[in-house]
Structure formats: structure tokens, C-alpha cells
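Biologist: Before we begin, I should like to learn how to read the features of a model such as this one. Could we take them in turn?

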Amino acid sequence: MDPVRNPYAPGAGQRPPELAGRDAQLAAFDVVLERVVRGRPERSVVLLGLRGVGKTVLLGAMRSAAVRARWGTGKLEARPDAPLRDVLAAALHQAVRELGLPPGERADHALGVVKAFAQHGTERPGSRRPRNLGITAPAVVGRADSGDIEIDLVELFTDLGGIAAETGTGLAVFCDEMQDLRPDDVAALCAAVHEVCQARAPVVVVGAGLPHLPGVLAAAKSYSERLFRYVLVDRLDRAAADAALVRPAAEEGAQFTPEALDALYETTGGYPYFVQAYGKAVWDVAPASPVSLADVAVAAPEAEADLAVGFFGSRFDRATPGEREYLHAMAELEQATASDAHDGSVATGEVARHLGRRPQSLSPARDALVKKGLVYASARGRIAFTVPHFGRYLRERP
């Protein structure tokens, strides 16, 4: 079939043509937006899931919903090497601009407090200050300018929330890779969310991160489990996975046979990124509609080769030889004990026994893999891959 008309989109954070299986989450978020604007008590939202399940895509769809509701929105991606102040200031500058405040004292105050927040950080020695983000309004003195991230973020959210309330809308901050925030920044963000919740200010934080993110938040503030509504973003069920393939194809006048859909679901496991990757490969090799089981068989090696380089291999290549040894041990144990844990996790003690090493000697490799985002602690004493099917990939390579 014509590759130019191929509708599938296996890209990082790229919205697929059919956002299947996420209607319930989006509908629930619409309710959150409406309740917050009306001054009703509501929690911020955290999306949890493995890599490749569509958290970033869903985060973007929620932001689009906030924009349609005329909220001011800003998005940031957390990084371990970047203080929250740096990336959040730019996101909030955008959010204030989206509020569309008329020129005047309130607009100047909103922009001025963001400018003060951006300029007065002390979290990083040698940080390039001051920053003004292109804001011409003067920095507000005495608000969000103490240099203490927790104090400043509380004041910033309080001031901006009050201004948003005057417009009859709200302010939403969307934070991807939230587990990568530094501990002090996590604590400050939780404190600020707590403050605006108590004040019923129309400010919502929507985060997305790996499954261990609730533990990161709880370690920063003991009350964090009551601040956020945790939403598990998992693989698609059969109906949604079929819809993600069938509906875009139908828009281009193409179809799939039932046998082809059976094979694709078995192969992809319903993980959205894999659905898009295999859909794209099958479309390109199929000579004509309908896409058949034989077409899936021909396309599978091409899809697997693409995933091996761009999805799995790029992550594996970041590991040192010692870390790769740890990953391979996890993969072998995952297969041997597949029925023991629904999340695919393995006991860290078993990894040590499998390698014939003392657990303490493997701690540096395990901690490095966690920091690189390749594994996460699914529970005390257990470790799991952050990427679905990563164990299978490792078992198939030398």
C-alpha cells in the first residue's frame, strides 16, 4: 500500500491518529477542570506507567483539553540536572500568556512574579542568573524571590492562582518524567500543590512518570498520597488495540483481516508504541487491502529490527558492561519466574544469587540503572524493567 498514506505514528510522545482506550481518563480530567473552576475540592493528577504506554501522549491530550477550556497551560520535562525553577519559570510564563490578561496592573503583576521567581534561585552553584524570559514587566519585589524554592513556589502558585480565578478560568502545569525531579524540588512542588488545594485556587498540576513515582512523592512529603489522584496508564485491551489499527486504516480505505488483528495483538501485547510500530511496518509491506496474516509475518522482522535499534537498543547502549550483566540476569529471572509477579519484577536477592555475587556488591549497578531510567523499584527488594518486552529483547540477543 502507498507508504505516503501510512497513518501510523510510532514516535516518542507523538499522538497517534486514533487515541484509543483513553476516553475515560480524558472525561475524568474534564470533570477536574470544571470542578476546580467552580471552587470545588479536587486533586491534581499523576499518570503512571511504563515507557511506551502513551503517558506523554495522554498528557498532551489533557493539556489540549485545558486549552479548550481557556485555561492557561505550560508544559515542562523534568531532568535530574536541571533545577525545577529553571524549567518551571518558562512553563508558567507560557501559561500566563495563554490566560490572555489585558494589559495593566494584573498582567504586570503576573508576569513580574514569574520574572522574580526565575531570577532569584540559589539551587545550583554557578547558575546563569538573572533570567528574564523576555518579560518586560519589572520583577515583583517580595514575592517568589526569597531564593528558597519551597517558599517561592508556594507564593508563585498562590499569586497566579488568584489572578487566574479573576478571569474565571485556571492555570495548569503539565510535568513529564516527574520522577526525575530532584528531592528538594519534589518537596517544594508538593507543598505548593497542598497550599493551592487548601485555598481552593484554580491551579492544577498534572504529572506523568514511571510506576515508582508515588514512592518518590511520598518520600518528599508524607501527605502527597492525598494530594494527587493516581491514574494507571496501561496497555490497551483488545478492543482498543484493534481500534487503534482499524480506524486510521479505514480513513485511508484499508482493512485488516481478523487473523491479522489476532496476530498483531499477540505480538504487541496491546502496548501503544508497539501497536503503532507494527502498524506502520505492516502497512508498508502489505501489497493491498485487506492486510492479511501473511503480511504481518513478513512485516514482523522489520518492526522488530526497528524497535531493536530505536526503542530497546538506544536504552541498552547507555548501560555499562556491569549494568548489562545485571539487566541480562533480570531478563533470565523474569522468564523463569513469570508467574510470581504481575508487574514482571524480580527479587534483587535473586539477581545476586543468579550472578553469584553479594547483594551489596550489585547496589552500584542497580542504582545506576535506576538513575538511567532502565529499571525501577516496583516494591521493597524487587526490581523491574521500565520498558515493556525489554526482557524478551535481552533474551534474544547474545
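Modeller: We may begin with a pair of strands, bearing in mind that this is a predicted model. Strand 7 and strand 8 (residues 382-385) run antiparallel and are joined by three bridges.

Biologist: Which residue of strand 8 is the bridge partner of Val375?

Modeller: The partner of Val375 is Phe385. Likewise, Tyr376 has Ala384 as its bridge partner in strand 8.

Biologist: How many residues lie between the strands in the hairpin of strand 7 and strand 8?

Modeller: There are two residues between the strands, and Gly381 in this hairpin takes a positive phi near 80 degrees.

Biologist: In what order do the strands of that open sheet lie?

Modeller: The sheet has three strands in the order 6-8-7, with antiparallel pairing. An edge strand is recognised by pairing on one side only, and here the edge strands are strand 6 (346-347) and strand 7 (375-379). Helix 12 (residues 321-336) packs on this sheet and touches strand 6, strand 7 and strand 8. The direction of helix 12 makes about 95 degrees with that of strand 8.

Biologist: At what angle do helix 12 and helix 14 pack?

Modeller: Helix 12 and helix 14 (residues 359-371) pack at about 85 degrees, and their axes are 9 Å apart. Angles of 65 to 115 degrees count as roughly perpendicular, and helix 12 is therefore roughly perpendicular to helix 14. On the side of helix 12 the contact is made by Gly322, Glu323, Tyr326 and Leu327. Helix 14 contributes Leu362, Ala365, Arg366, Ala368 and Leu369. By class, the residues of this contact are six nonpolar, one polar and two charged.

Biologist: I should like to compare this with another helix pair. How far apart are the axes of helix 3 and helix 4?

Modeller: The axes of helix 3 (residues 84-99) and helix 4 (residues 105-119) are 9 Å apart, and the packing angle is about 170 degrees. An angle over 145 degrees counts as roughly antiparallel, which is why helix 3 and helix 4 are described in that way. Helix 3 brings Arg85, Leu88, Ala89, Leu92, His93 and Val96 to the contact, while helix 4 brings Ala110, Leu111, Val114, Phe117 and Ala118. The residues of this contact divide into nine nonpolar, one polar and one charged.

Biologist: Let us turn to the sheet of five strands. Is its pairing parallel or antiparallel?

Modeller: The pairing is parallel, and this open sheet has the strand order 2-3-4-1-5. Its edges are strand 2 (72-77) and strand 5 (228-232), each of which pairs on one side only. Neighbouring strands are turned against each other by 15 degrees on average, direction ignored. Strand 1 (residues 44-48) and strand 4 (residues 203-209) run parallel and are joined by four bridges. Val46 stands opposite Gly207 in strand 4. Helix 3 packs on this sheet, where it touches strand 2 and strand 3 (171-176), and its direction makes about 155 degrees with that of strand 2.

Biologist: How should one read a nonpolar core, and which residues touch the most other members of the largest one?

Modeller: One reads a core through its members and their contacts. The largest nonpolar core has 81 residues, of which Phe29, Leu47, Phe256, Leu327 and Phe390 touch the most other members. Leaving aside residues up to four places away in sequence, Phe256 touches Tyr8, Leu245, Ala249, Leu261, Leu264, Val282, Pro290 and Val291. A second, separate core of 53 residues includes Leu48, Ala192, Val193 and Val203.

Biologist: Pro290 has now been named. Is the peptide bond from Ser289 to Pro290 cis or trans?

Modeller: That bond is cis, with omega near 0 degrees. Pro290 is placed in the loop between helix 10 (272-285) and helix 11 (293-316).

Biologist: Finally, which residues other than glycine have a positive phi?

Modeller: Arg70 is one of them, with phi near 70 degrees, and Glu177 is another, at about 55 degrees. Arg70 is found in the loop between helix 2 (55-68) and strand 2, whereas Glu177 lies in the loop between strand 3 and helix 6 (183-199).

Biologist: Is Glu177 buried or exposed?

Modeller: Glu177 is buried, since its relative accessible area is 17% and the cut-off for burial is under 20%. Arg70, by contrast, is exposed, with a relative accessible area of 64%.

Methods. Residues numbered from 1 in each chain as written. Predicted model: local features only at pLDDT ≥ 70, side-chain atom pairs only at ≥ 80, totals over all residues. Heavy atoms only, no water. Axes fitted to C-alpha atoms, helices over the stretch in contact; angles between N-to-C directions. Parallel < 35°, antiparallel > 145°, perpendicular 65-115°, else oblique. Contact = heavy atoms within 4.5 Å. Nonpolar A, V, L, I, M, F, W, Y, C, P; charged D, E, K, R; others polar. Pairing = 2+ DSSP bridges. Core = buried A, V, L, I, M, F, W, Y, C linked by side-chain atoms within 4.5 Å. Buried < 20%, exposed > 50% of the residue type's maximum accessible area, 1.4 Å probe, protein only.
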